[in-house]
Amino acid sequence: KVKTFDKSKLTDKQRENLTFVEKRIKKLQESHHNHYGVNLDTLWQEADKNYIPHRLTTNRKTLVEDETKGLRGVSTVVQLGSDNWQADVSQANPFIKIQTALAILVDQNPSGVFTPTTKKYENTTLLIKQLYERSWEFAKSKPQLKLFVFNLAKYGWAIARTYPLRIVRDVKVLKVFNPEDPEESEYEEKEVIEYNDIMRENIDPRNAWIDDMAKPSNPFSRRDWAWRKVYPLDAFKEEFGKYKRAEFVTAGGNTQETVSTSGTPEEKAEEDLVEVLFYENRLKDLYMVIANGVLVIMEPLQIADSKGLKKLSCWDAFWNLRHAESPYGVGIYEAIRYDQGLLDRIRNMTIDQLTMSIYKMFFYQGTQALTETGDITIKPGVGKQVLDPKNVNWLEIPGPGREAWEGIDRFRKDVDEAS
């Protein structure tokens with residue numbers, strides 16, 4: 001029998017907090033939709049699309065009737081744009097510049113400088129430094145930092161969290177091997193600790209929402225924040241299975257990669273997925289985990305300093321300041337997207353003219369009639385029959401002049417300066 005979650009069995013305080021958090025998370029998610037006139041979710045989705053080297057047009061296939069042969073009702077699949085010779089390549093500036101940022105900011109082995117604030121800490125400073133360096137290695141924090149800087153450069157804002165993580169798993173360890181009958185070998189059940197340390201975890205900015213009243217470079221202005229993950233159901237049970245209400249959790253919820261994903265999401269091989277929402281509130285000293293509508297955890301915040309002062313587990317940064325009141329910055333893509341559009345346009349037009357100057361179009365005498373309007377579409381290396389070609393033999397197209405190449409260089413410089 002499938003057990004179902006019943007809110008009526010919660011205490012009044014638990015129901016009150018659950019109702020508050022569910023409404024608050026929706027409010028935080030909506031704050032991305034109109035931030036100083038910008039829909040951040042749409043902007044970041046464009047950044048994802050244009051970061052990957054791509055073409056400016058997409059060829060599509062469709063069914064058309066062959067009316068030239070009178071075959072009405074008989075359709076053929078044709079490739080739209082297959083006869084389009086014009087250049088449509090977008091220069092991969094966002095890709096190149098973001099990768100350059102990663103090489104400069106991450107691959108130089110980040111380290112820390114530790115200075116004792118008083119004399120009594122002089123002897124322990126070296127120990128703290130060694131613990132710090134061990135944490136970077138043991139928790140594989142450098143790859144997480146690389147992901148953080150990647151999001152920072154691409155979206156203009158990145159967020160991560162630092163928290164204590166303990167992963168325990170029950171396994172069977174081979175104790176006695178039976179070569180005659182391997183299936184009768186003896187195994188010993190054992191609980192192993194896979195990880196028990198401080199974890200630094202990068203979070204997708206589209207799946208994280210901070211206090212809508214937060215100010216840049218002011219951690220005290222952040223009252224709360226929420227983030228989202230999609231777990232395979234068995235992985236969720238392993239991590240949260242010891243909490244009583246975890247048994248009520250079933251696969252479901254919005255299991256897309258991000259909440260704001262538009263169009264048809266990519267199909268995942270995993271079927272049993274569950275959406276899990278996390279929430280922290282500094283003023284209420286509240287930490288909550290909601291899995292597909294089930295309240296799994298509600299407890300005080302996990303992180304506090306030696307004096308008991310509670311802190312949110314998140315840390316974030318912006319690339320370039322968007323507004324004095326906005327924690328969300330301007331990334332490389334947003335900074336160059338309009339200059340990038342002009343550069344792609346001028347560059348492709350120059351390539352088109354260069355192509356036409358090499359593969360000249362020509363006209364020859366014949367009896368084929370012109371089109372109804374008398375117009376002729378220019379195509380490189382194509383011959384056209386005309387009624388009276390005595391005045392035109394070859395369509396002479398001059399090559400791109402110095403101004404075209406200088407214009408491309410000028411637009412490239414503008415892109416460099418903007419980024």
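Is Arg223 buried, partly exposed or exposed? With a relative accessibility of 33%, Arg223 counts as partly exposed, whereas its salt-bridge partner Asp211 is buried, at a relative accessible area of 2%. The structure is a predicted model, and the points below set out its charged contacts, its aromatic contacts and two residues with a notable backbone angle.

**Salt bridges**

- The structure holds 26 salt bridges, and one of them joins Arg223 to Asp211, with the closest N and O atoms 2.7 Å apart.
- Arg223 and Asp211 both lie in the loop between β5 and β6, so their salt bridge ties together parts that are 12 residues apart in sequence.
- Arg223 and Asp211 also belong to a network of salt bridges that includes Arg24, Asp212 and Asp224.
- Lys310 forms a salt bridge with Asp285, in which the closest N and O atoms are 2.8 Å apart; this pair links the loop between β9 (294-299) and β10 (314-318), where Lys310 is found, to the loop between β7 (273-281) and β8 (286-291), where Asp285 is found, the two residues being 25 residues apart.
- Lys310 is partly exposed, at a relative accessible area of 22%, and Asp285 is likewise partly exposed, at 29%.
- Glu334 and Arg322 meet through their side chains in a salt bridge of 2.8 Å, N to O, which links helix α7 (residues 332-358), holding Glu334, to the loop between β10 and α7, holding Arg322, 12 residues apart; both Glu334 and Arg322 are buried.

**Aromatic contacts**

- The structure holds 17 aromatic pairs, among them Trp44 and Trp157, whose ring centres are 6.1 Å apart and whose planes stand at 10°, so the pair is stacked.
- Because Trp44 lies in helix α2 and Trp157 in strand β3 (residues 157-176), this pair ties together parts that are 113 residues apart in sequence, and both Trp44 and Trp157 are buried.
- A cluster linked by ring pairs is made up of Trp225, Trp227, Tyr231, Phe236, Phe240 and Phe278.
- The charged end of Arg161 sits over the ring of Tyr163, 3.8 Å from the ring's centre, while Lys284 lies over the face of Phe20, at 4.7 Å from the ring centre.

**Positive phi angles outside glycine**

- Tyr36 is not a glycine, yet has a positive phi of about 55°; Tyr36 is found in the loop between α1 (12-30) and α2 (40-51) and counts as partly exposed, at 46% relative accessibility.
- Ser217, also not a glycine, has a positive phi of about 60°; Ser217 is found in the loop between β5 (208-210) and β6 (224-232) and counts as exposed, at 64% relative accessibility.

Definitions and conventions:
Residues are numbered from 1 along each chain as its sequence is written. This is a predicted model: local features need pLDDT of at least 70, side-chain atom pairs count only at pLDDT 80 or more; totals for chains, interfaces and linings use all residues. Side-chain values use heavy atoms; hydrogens and water are left out. Helices (H or I, at least four residues) and strands (E, at least two) are DSSP runs, numbered from the N terminus. Buried means under 20% relative accessible area, exposed over 50%, partly exposed in between (1.4 Å probe, protein chains only). Rings of Phe, Tyr and Trp (its six-membered ring) pair if their centres lie within 6.5 Å; planes under 30 degrees apart count as stacked, over 60 as edge-to-face and the rest as tilted. A charge sits over a ring if NZ of Lys or CZ of Arg is within 6 Å of the ring centre and within 35 degrees of the ring normal. A salt bridge is a side-chain nitrogen of Lys or Arg within 4 Å of a carboxyl oxygen of Asp or Glu.
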